[in-house]
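Visitor: I have not read a structure like this before. Could you take me through it feature by feature?

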Amino acid sequence: MLAKGFRVLGHAVRDEPHMFAWSVGGSVLFSLLTITTAFVSGRVVGQIVVPAFDRGGVATGTLLLGGLAVLAVSLGKIVGIFGRRLGAGAMQFNLQAKYRRAVTRRYLRLPLAWHQRHATGTLLSNANADVESAWYPIAPFPFAVGTVVMLLAAVVSLFLTDWAMALVGVAVFPALLLVNVAYSRRMSPRVARAQQLRAEVSAVAHESFDGALVVKTMGREASETERFAAKAVELRDATIRVGRVRAMFDPVLDALPSIGTLAVLVVGTYRFRAGAVGVEQVVSVAFLFTVLAFPVRAIGWVLAELPRSVVGWERIRRVLDAEGDTVYGTAGLPGTGPAALRFDNVDFAYTDETGTGPNVLTGVTFDVPAGRTVALVGPTGSGKSTVAALAARLVDPAAGTVCLDGVDVRDLSQDALTAGTALVAQIPFVFDDTIRGNITLDRAGVDDGEAWRALRLAQADGFVDHLADGLDTKVGERGTSLSGGQRQRLTIARALAGSPRLLVLDDATSAVDPRVEAAILAALRRDEGAPVPGPDRAAQAASILVVAYRRATIALADEVVYLERGRVVARGTHAELLESAPGYADLVTAYEKAEEEREREHAFDGDRLDDGRDGRLDKETLPA
């Protein structure tokens with residue numbers, strides 16, 4: 001544990017050498033002046049206080065000189081304390097900020113499959129609690145390093161003053177080492193468990209907050225409270241166990257210097273009676289040993305925090321050392337206009353930590369010709385969303401290739417890929433920002449004109465135009481002020497605002513009225529070849545791959561690809577597949593019946609701002 005802890009501290013010094021040097025410099029100044037205080041105090045007692053008792057008075061000049069000496073040393077110590085604390089604080093906070101950024105950047109580089117294997121609460125804990133724990137020892141660390149100078153100077157001064165009292169004093173240090181060894185062995189597993197429980201508590205809380213709607217509607221408040229309380233109690237108990245060990249260690253740590261001082265005074269008294277030392281030497285040695293309590297405590301503070309620091313550091317390193325980065329190429333997309341997408345004999349599996357897992361796609365082959373619309377249809381679990389993720393290169397195939405305009409997507413640069421493709425996922429995500437901010441995302445060239453064009457294509461301009469603040473309307477966290485259909489249309493508009501050459505819709509219109517869905521797809525098809533507002537921007541029409549369920553949507557596609565159990569079973573037009581693929585016909589019929597049932601249950605569209613809570617209906621005119 002000590003070796004691991006010192007390696008963590010070594011990383012800290014290499015990362016922040018200037019702040020470390022500044023704080024250690026202040027600590028060394030404080031340490032040297034503290035040693036000086038011992039000799040100044042000894043001289044004042046021996047040459048001013050004792051003579052004053054013997055003679056009944058002391059010269060004014062002598063008293064003034066002694067006072068100035070004490071004042072000068074005190075002012076120097078103040079400067080040292082200021083430098084030490086300022087430098088140590090800046091070093092600690094810089095390291096925390098640096099590693100929070102490093103962990104977050106690592107999260108962004110790691111593939112979607114890695115994130116799916118790790119709970120959100122754990123990831124939050126890595127970036128917050130674990131980073132803080134890793135650098136807890138930094139606050140006392142420069143002080144402890146600086147006090148090593150104090151320690152050495154004090155020990156040397158002790159031996160120069162009187163070897164017998166010095167030998168008694170230095171016996172404290174082996175005892176300190178033994179106490180710390182016992183402490184580390186008991187503390188390390190307890191701290192590791194406490195850190196793990198912090199992540200688990202965070203995960204439970206995040207899941208409950210994220211699923212607040214389900215918790216409320218299903219009446220699970222009490223159950224969720226009990227689930228959270230159980231984890232919180234575990235964390236409390238684990239933290240108490242950590243505190244108990246600290247409670248045993250800290251008093252022993254504080255007692256060692258006091259015991260040493262008492263032993264020195266006892267030995268000093270015998271030495272004084274024997275005439276081996278004078279009052280001045282006994283006072284100086286006693287004060288020196290009292291001073292030794294500072295470095296002993298400072299070193300103890302660092303040693304006490306090392307187990308927690310090591311656990312936090314190891315949890316951070318698991319993120320920073322995680323493998324599986326999405327490696328981008330350097331190629332760009334050739335030409336302009338809609339891009340052709342091709343899947344060629346693609347296999348894919350969601351793997352666990354060991355890199356193994358069953359295939360969810362096997363030998364998938366199909367293409368989306370440039371400027372065409374292809375519908376992806378299949379039962380639940382057939383791999384439709386996985387195909388969508390592969391098309392946008394959120395994941396890479398285990399075998400086969402996914403090509404965009406003849407270029408393997410793995411060879412494309414990140415800029416070319418993100419500019420050329422856009423994915424609208426099943427669950428719409430809206431930032432806690434304005435409608436303008438959600439659409440533009442501060443992308444270059446995406447101005448208000450482009451935002452309104454995208455909103456019109458997504459059939460969202462109507463409800464946005466009726467909002468009091470228009471594009472400046474704040475939508476709340478996850479778009480809570482919008483209905484489900486409005487959120488979906490807003491995310492479609494966000495994708496379209498970047499003028500992608502391939503648009504992938506993964507069941508992205510499930511919450512909107514079928515007529516609105518049809519209007520969106522029809523508008524996208526009509527928009528092919530239409531000019532895009534904005535300076536120096538060419539027309540950017542998109543090829544469309546849409547995961548579809550509704551018959552009306554499927555019928556709009558130029559071709560339908562039917563999936564079953566991760567394989568392409570049939571391809572063709574909607575009419576062709578109804579005749580040639582019994583599974584497809586049964587599935588579409590089932591979808592249609594479910595849709596008709598839903599239509600009967602809902603006599604109106606339901607696309608209202610804030611689900612009608614403010615009484616304003618969505619006033620857009622829906623196309624027939």
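Guide: Let us start with one pair of residues. Leu503 stands opposite Ile544, which belongs to strand S8. Keep in mind that this is a predicted model.

Visitor: Which strand does S8 pair with there, and how do the two run?

Guide: Strand S7, residues 502–506, is joined to S8 by 5 bridges, and the two run parallel. S8 has a second partner to look at. Strand S3, residues 373–377, shares 4 bridges with S8, again in parallel. Within that pairing, Val374 has Leu545 of S8 as its bridge partner.

Visitor: Is S8 mostly covered or mostly open?

Guide: Mostly covered. S8 spans residues 543–547, and 5 of its 5 residues are buried. Look at the directions too. Ser543, Leu545 and Val547 point one way, while Ile544 and Val546 point the other way. Residues on both sides are buried.

Visitor: How do I read a nonpolar core?

Guide: Begin with the general idea. In soluble globular proteins, nonpolar side chains tend to be buried together. Now the case here. The largest nonpolar core has 50 residues. Leu503, Leu505, Leu524 and Tyr584 have the most contacts inside it. Helix H18, residues 484–497, gives the most to this core, with 6 residues. Another core lies apart from it, with 46 residues, among them Phe143, Val285, Phe289 and Val302.

Visitor: What does Tyr584 touch, beyond its neighbours in sequence?

Guide: Leaving aside residues within four places, Tyr584 is in contact with Val377, Ile554, Val560, Tyr562, His574, Leu577 and Leu578.

Visitor: Now a sheet, please. In what order do its strands come?

Guide: Take the open sheet of 4 strands. The order is S2-S1-S4-S5, and the pairing is antiparallel. S2 (359–368) and S5 (407–408) are the edge strands, each pairing on one side only. S1, residues 341–349, is joined to S2 by 6 bridges. In that pairing, Leu341 stands opposite Val368 of S2.

Visitor: Which helix packs on this sheet?

Guide: Helix H13, residues 384–391. H13 touches S1, S2 and strand S4 (399–404), and its direction makes about 120° with that of S1.

Visitor: Lys384 is in H13. Is Lys384 buried or exposed?

Guide: Compare its relative accessible area with the cut-off. Lys384 has 6%, so it is buried, since buried means under 20%. Beyond four places in sequence, Lys384 touches Leu376, Val377, Gly378, Pro379, Val547, Tyr549 and Leu563. A polar atom of the Lys384 side chain lies 2.9 Å from the backbone oxygen of Gly378. Distance along the chain is another matter. Lys384 and Asp507 are 123 residues apart in sequence, yet 9.4 Å apart in space, C-alpha to C-alpha.

Visitor: How do I read a helix?

Guide: An α-helix has 3.6 residues a turn, so residues three or four places apart point the same way. Try helix H6, residues 141–161. H6 has 21 residues and reaches 30 Å from first C-alpha to last, close to the 30 Å expected. Its buried residues include Phe143, Thr147, Met150, Ala154 and Leu158.

Visitor: One last residue. Where is Thr37 placed?

Guide: In helix H2, residues 17–55. Thr37 is buried, with a relative accessible area of 16%. Outside its neighbours within four places, Thr37 is in contact with Val73, Lys77 and Phe287. The C-alpha atoms of Thr37 and Val70 are separated by 7.3 Å, with their positions 33 residues apart along the chain.

Conventions:
Residues numbered from 1 in each chain as written. Predicted model: local features only at pLDDT ≥ 70, side-chain atom pairs only at ≥ 80, totals over all residues. Heavy atoms only, no water. Expected span 1.5 Å × (residues − 1). Buried < 20%, exposed > 50% of the residue type's maximum accessible area, 1.4 Å probe, protein only. Pairing = 2+ DSSP bridges. Contact = heavy atoms within 4.5 Å. Axes fitted to C-alpha atoms, helices over the stretch in contact; angles between N-to-C directions. Polar contact = N/O pair within 3.5 Å; in protein donor to acceptor, adjacent residues only side chain to side chain. Core = buried A, V, L, I, M, F, W, Y, C linked by side-chain atoms within 4.5 Å.
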